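Today I'm opening a structure I haven't looked at before. I want to go through its salt bridges and jot down what I find.

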Amino acid sequence: MFTKDRLINLSIILLAIWFTWFAQNHFEEYTVRIINNVAIFIILAVSYNLINGVAGQFSLEPNGFVAVGAYVTAILTVDANGMLYQYDIEDPYPWILALQTNFFWALIFSGIISSLLALSLSFPVFRVRGDYLAIVTLGFGFIIRILAINSPEITNGSLGINDIPQASNLYWTGGFAIVAVLVILNIIYSKYGRAMKAVRDDEDAAIAMGVNTFKIKTLAFTTSAFFEGIGGGLLAALLTSISPDLFTFLLTFQLLIIIVLGGLGSTTGAILGTIFVMAGLEWMRFLDEPMNIFGYETDGLPGMRMVVFSLLLIIVMLFAREGLMGKKELKDLFKKKKVDK
C-alpha cells in the first residue's frame, strides 16, 4: 500500500531520473558538465553528512578517501600503454599495468578499497572524540596526499595521471547520486540511523542504553568512505586528469561548508547546499567580467564572485543558524503541525 510519504519519495525519484535523462540529451555541453560536477558533489556531501552530521563525528577525512577513489579508478581504467607513456618519474610496477577493468567495476573497487581503508582506520581513530578526532582524520588526508606524491611507481608522483577515459556522464553521476541518497536515507531511517543520532546527541547516554557506539560510528565511517571513493572515481573520469594538488584540505573544507550551509544531519540540506555552492559559484562568474551597470562600464574584477558568495553565506548563516534545512528532510515539510488543544 502506498502511503503519502512513499508517494512523495517515488515522485522525487522519478523526477530525478527524468531530469537526468532530459539534461543529458537536451542541455548544452557546458551546462551538462556543471550538472555532472553538482551530482558528484551531491554524492560526496550526503556521504560526508552521514558521519559528520548524522553520527556527529567531527571528521575531516573526505579528501583522503576521494583521492583513493580517484587514483584507483584511474589505475584500473587507463590502459597499460598509456601508463608506460606518461609515467616519467619511475616506471610503474608490473602489477599496476596488469590491473584493467571496465568503468563500473573500477568505481565499485574504488568504493570498496576506500571503505576497507576506513574500517582499518576506525580502530585507532575512534579511540578519541571531538577536536582530537578532527585532528587525527585531518592528518589522514595529509598522509594520503604525501603518499601519492612519494609513490611515483603507483601514482606517477606529483605529475599525476592523465588521459583517463572520460566515462562520466549524467547517467553515471546522476545514477550514483540517486543511489547514494537512497542508501543513506534508508540507513538514517533504520535502527542504525537512530543509533547514530543517539551517539551524536549524547554518546555517554547511548553507551548507557546499550548502544555499541564503536560499531555504529564504524558503520557511518565506512559507508561514508565507500561513496566518497566512488565520488572520487567519477571525478577522475570527468576531469580525465588528476594530481595530488587536487586533493588538498580545500576539498574537505568545501564539503564542510556545503553540509553546514544545508544543515548538519539533513540529507536534503546537503543536496540543497551542494546546488547552492557548486552551481551558484558557476552562475556568478559574470561578476568577474566587465559589466554595463546603468550605462556605466566597469572593468573586470577577478574574485568579485567569491566576495559576493561569501557575503551571501554570512547572511544565510546569520538568519538560518542551523542551515537551510536544519535537521529536517524534505518529507518533514509536508507534515502538518499538531495543534495542542
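These are my notes on the salt bridges, pair by pair.

Ground rules first: this is a predicted model, so local features need pLDDT of at least 70 and side-chain atom pairs count only at pLDDT 80 or more, while totals for chains, interfaces and linings use all residues. Residues are numbered from 1 along each chain as its sequence is written, and side-chain values use heavy atoms, with hydrogens and water left out.

I looked up the count: six salt bridges, each being a side-chain nitrogen of Lys or Arg within 4 Å of a carboxyl oxygen of Asp or Glu.

I started with R145 and D245, whose side chains form a salt bridge at 2.8 Å, N to O. Why did this pair catch my eye? R145 sits in helix α7 (residues 130-149) and D245 in the loop between α12 (213-239) and α13 (249-262), so the bridge ties together parts 100 residues apart in sequence. Helices here are DSSP runs of H or I, at least four residues, numbered from the N terminus.

Next I checked exposure (relative accessible area: buried under 20%, exposed over 50%, partly exposed in between; 1.4 Å probe, protein chains only). R145 is partly exposed at 24%, and D245 is exposed at 54%.

Then R200 and D201: their closest N and O atoms are 3.3 Å apart. R200 is partly exposed at 22%, whereas D201 is exposed at 57%.

E282 and R285 pair up at 2.9 Å, N to O. I noted both as partly exposed, E282 at 23% and R285 at 36%.

Last, I found a network of salt bridges linking R129, E203, D204 and K217.

Key: Helix = DSSP H or I, 4+ residues; strand = E, 2+ residues; numbered from the N terminus.
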